[in-house]
Structure formats: structure tokens, C-alpha cells
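Grab a pencil and take a look at the structure below. We'll go through a few short exercises together, each with a worked solution.

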Amino acid sequence: MSVYSGPVFDMARQQFDGIADYLDIDIKHRDRLFLPKRAIAVTCPIHRDDGSVAVFQGYRVQHHLSCGPTKGGTRFAASVDMGEVAALAVWMSWKCALTGLPYGGGKGGIAVDTTTLSPRELEALSRRYMQEMIPFVGPDIDVMAPDVGTNEQVMAWFMDTYSVHHGHAVPQIVTGKPLAAGGTAGRREATGRGVVHLIGRAAEEIAMPLLGATAIVQGFGNVGSVAALELAQRGVRVVGVSDHSACYYDPAGLPVAELDAHVREHRCLAGFTTQCTIDPQALLVQPCDILVPAALERVIDADTAARLQCRILAEGANGPTTPDADRVLRERGDDVFVIPDILCNSGGVVVSYFEWVQGIQKIFWEEDEVNRRLLVILDRAFDQVIARARRDRVGHRTAALAIGVDRVLQTKISRGLFP
Ligand code: NAD
């Protein structure tokens, strides 16, 4: 029996099998390409504030080491298990290869509902998780970053725990750190900023002006809130937003900056207003030009895909669209322009790469420099995906995955199989 199971892992496998067939990859390479190199499960006990001891299960999956260290986020969420983390690590590999970064994919997390932890308990759990991971990670082995449920502060605790163990500061062990702990300018905004830049490119492709267009954003965390703010700055009317606590829809437009200020103060959207609430699933199928799922996996299934009314589907989240939904979108023709997740949200790992490079070199760039370099990489990846999709008459997801998978395959073939 495999240690990897569950719907998210099955989805990653199904996608890979389709790409392997499309690329006609020899059967002898397939499992080697897809199955993770390493999977680590750890038990993390902490003292609770009431003096009791609570035990949490943590995971880390390192997908492949062929191009450099593994790289990827750390998720603190109740849903986290080995299968989910493995799928996310696999997707990170294709994403890093698509954008030309010298990494394999990694991902990790803890099965925990962070709303049940006090700030001290969250710090204890973060530090204990990194402590358990120290034998398996390193700046040249596996570099962590934030994901759902973690943020700059958690990364600072990870960095501090690792550094204390080694007796000197090792900022390049994690990315997404605060500036004060060796982070880079522009990392916190990078994913949402990249999402909106690529929405701009997609809008050009379909000759749709952004000014006056409408958008719905699901998820109002790191990715969703920055995407919503950047869209509003570009003159897009944000008509719908949601998070785990509330869901708002107003065709006249929502005050994004005020929503952001509310979330900064209260940590969620709930309580902002009692007006214009809507059922979360109904939000996704309201009319809009741009739909940005920026929360969790598998939120767009076949049924939802058939009812989407957007022109651009910009996948800020990882794996928001199921393979069945993809099939439905293909059958609908190309009236929905999909920016697939491994392209759409890649701004985060690109600027994480910049942070790692700056940390190693002990040289720091201005935010303008970070953003300029980010857009060069995103534009190149976008152009390559569009060109491949046109050449082979395939969807954007197939094109993006094919470029990523094929690059990892070529690296493995050229390095050979040891021994
Ligand atoms: P986050 O924890 O900052 O925010 C997640 C948001 O989703 C929160 O607003 C939360 O309330 C909301 N949410 C949770 N359950 C929901 C539900 N059922 N319906 C609606 N909203 C819900 O996480 P994040 O870093 O913004 O990550 C969001 C997605 O983007 C994830 O899929 C993550 O893997 C992906 N991603 C993040 C980064 C990054 O740099 N943070 C990079 C690439 C991809």
C-alpha cells in the first residue's frame, strides 16, 4: 500500500498520467518522475497554556532532487495529510521547472486548526516542527516557505530555531521571512502580484480591457487579499470576496481596501457587514470577467465548471480545478481563458528564489529590482505556455504541465540513473 492517498494526491496522479501520455513518456521513466523521493512524518508534542500536552502530526515531502534543493510551502490546516502534502510537492516541481528555477518541489505541514491555538502555542508548535525537521532540511537540501495557515512570523520562528541549532544565523533556510530576519522586499505580495500581472496578460490575449472589468476572489489570505487589492488598483471592480468565515457579493463593487483593513484587525472577513452575503458555492458562479480561486484545492468541480460565468479563470490557489472540471471547461470550448495554477501562482516561488539567492550572497535588492525580475520570469513562462498550447492545440494546463514535466524528465535522463 502506498503512503500517499486521498483525493488531492489522486488528482495529481491523474494529471500526471494524462501528461505522460501526451508527451509519450517511456513507461520506465514514469514512476521515477512522479513518485516523491522522500516523505517524512513527525510527531510534534507541545505544552498547552493550561499545562496539558497536545500532540500534532507533521509531514514534509521532497519530490525530486534532480535540479537542486526542494522548495515549497508549509501548511498548517486541519486537512493536512501525507497525500495532500505529496500532491502539493509534485505540483511545486512542475511549477519550478516551468519557471526555470533550480529546485525540485517540496511541501509540508501540520494537521492543526490554528484557530484553536494561542499565539504562544502556535510558536511552540512551529518551533517543534522545525526542530523535528532539522535532520532532513537545509539551504541546499530543502527550503521551506509559507502556505495556508502560516506567515512571515512562522517563517521567522523556523529560521530562528534552525539557526539556534547551528549556532549562527542561517536566513536562507526559509523564504517568506520578515525583512528584519533577512527576507526580501516584495515577497509577501509576490504571489498575488504575479496573479494580477498574468490576468493582465490574459486580458490582452482576449482583448478585454481591465479597466471596468469585474472580479470575484475566493480566499482573502496572503494570495487573495493582495490579488484583490492589485485588481482594484488597476481599475477592476471587485464584486465578490470570501474566506472561511464570510462571503460577500455586490454587483456595484466592494470596498477592497476596507475589507483588507478589517481582516488585518479581525483576522477574517466575518463581521464586516451583514449586507450582501451570499452562499459560498453560489459566489463562484456569479457573472464576472475574472474569477480568482485563492483558497483551497478542488473547489471547482464538474458541476461548478459547467456554470462558471467568468472569462478568465486565474488559479491563485494550488489545484482549485478538478480533472473532471477541466474536461467540462475543454468541452465548453475556449470561452474561459484558464491561467493554470502552476503558472498563475508561481510569483510566490519566483520571489522566494530571489530571497534565497540574496540570503546566500548577502546582497539585497530594492523592491523595484525584485518586481522587474519577477515580471521577466512570469512573462517568459506565460509566452511559452501560450505558444505550446497554440502549437499543439491543447489547453493551457496541459501546455504548462507538459513544459514542466518534460524539463524534469530531461534533467533526469541527462544525469542518468545511479548506480
Ligand atoms: P492563507 O492562509 O493566507 O489564506 C487562505 C485563505 O483562504 C484565507 O482567507 C481563508 O479564510 C480562506 N479559506 C479557507 N477555507 C475557505 C473556504 N472553504 N472558502 C473560502 N475561503 C476559504 O493562504 P495563502 O498563502 O493565501 O494560500 C492560498 C492558496 O494559494 C493555497 O492554495 C496555497 O497553496 C496557494 N499558494 C500560496 C502561495 C503563497 O505565497 N502564500 C504561493 C503559491 C500558491
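## Getting started at the ligand

An oxygen atom of the ligand sits 3.0 Å from a polar backbone atom of Phe220, which fits the cut-off for a polar contact, a pair of N or O atoms within 3.5 Å (within protein, one must be able to donate a hydrogen and the other to accept it, and residues adjacent in sequence count only if both atoms are side-chain atoms). Before going on, note that this is a predicted model, where local features need pLDDT of at least 70 and side-chain atom pairs count only at pLDDT 80 or more, while totals for chains, interfaces and linings use all residues. Residues are numbered from 1 along each chain as its sequence is written, and side-chain values use heavy atoms, with hydrogens and water left out.

## Exercise 1: the ligand's surroundings

Describe the shell of residues around the ligand.

Step 1. Start with the side chains. An N or O atom in the side chain of Asn318 is 2.8 Å from a ligand oxygen, and for the side chain of Arg75 the figure is 3.1 Å.

Step 2. Ask how much of the ligand is covered. Alone, the ligand exposes 820 Å², and the protein buries 83% of that (areas by the Shrake-Rupley method with a 1.4 Å probe; for residues, only the protein chains shown count as cover).

Step 3. Pick out the neighbours. There are 22 residues around the ligand, and Asp147, Thr191, Asn222, His244 and Asn318 come nearest; to be near, a residue needs a heavy atom within 4 Å.

Step 4. Sort the shell by type: seven nonpolar, eleven polar and four charged. Here Ala, Val, Leu, Ile, Met, Phe, Trp, Tyr, Cys and Pro count as nonpolar, Asp, Glu, Lys and Arg as charged, and the others, Gly among them, as polar.

Step 5. Find the helices. H6 (187–205) and H7 (222–233) each give the shell at least two residues. Helices (H or I, at least four residues) and strands (E, at least two) are DSSP runs, numbered from the N terminus.

## Exercise 2: two salt bridges

Are the partners in the Arg75–Glu84 salt bridge buried or exposed?

Step 1. Get the idea first. Side chains of opposite charge can pair when their charged atoms come close. The cut-off for a salt bridge is a side-chain nitrogen of Lys or Arg within 4 Å of a carboxyl oxygen of Asp or Glu.

Step 2. Check the pair. The side chains of Arg75 and Glu84 meet at 3.2 Å, N to O.

Step 3. Look at the cover. Arg75 has 3% relative accessibility and is buried, and Glu84, at 6%, is buried as well. Buried means under 20% relative accessible area, exposed over 50%, partly exposed in between (1.4 Å probe, protein chains only).

Step 4. Now try Asp31 and Arg13, whose salt bridge spans 3.4 Å, N to O. Asp31 lies in helix H2 (residues 27–34) and Arg13 in helix H1 (residues 7–23), so this pair ties together parts that are 18 residues apart in sequence. Asp31 is partly exposed at 43%, and so is Arg13 at 23%.

## Exercise 3: strand E9

Which strands pair with E9?

Step 1. E6 (residues 214–218) runs parallel to E9, joined by four bridges; pairing takes at least two DSSP bridges. Gln218 stands opposite Pro293 in E9.

Step 2. E10 (residues 312–314) is also parallel to E9, with two bridges. Ile290 faces Ile312 there.

Step 3. Check both faces of E9 (residues 290–293): Ile290 and Val292 on one side, Leu291 and Pro293 on the other, are all buried.
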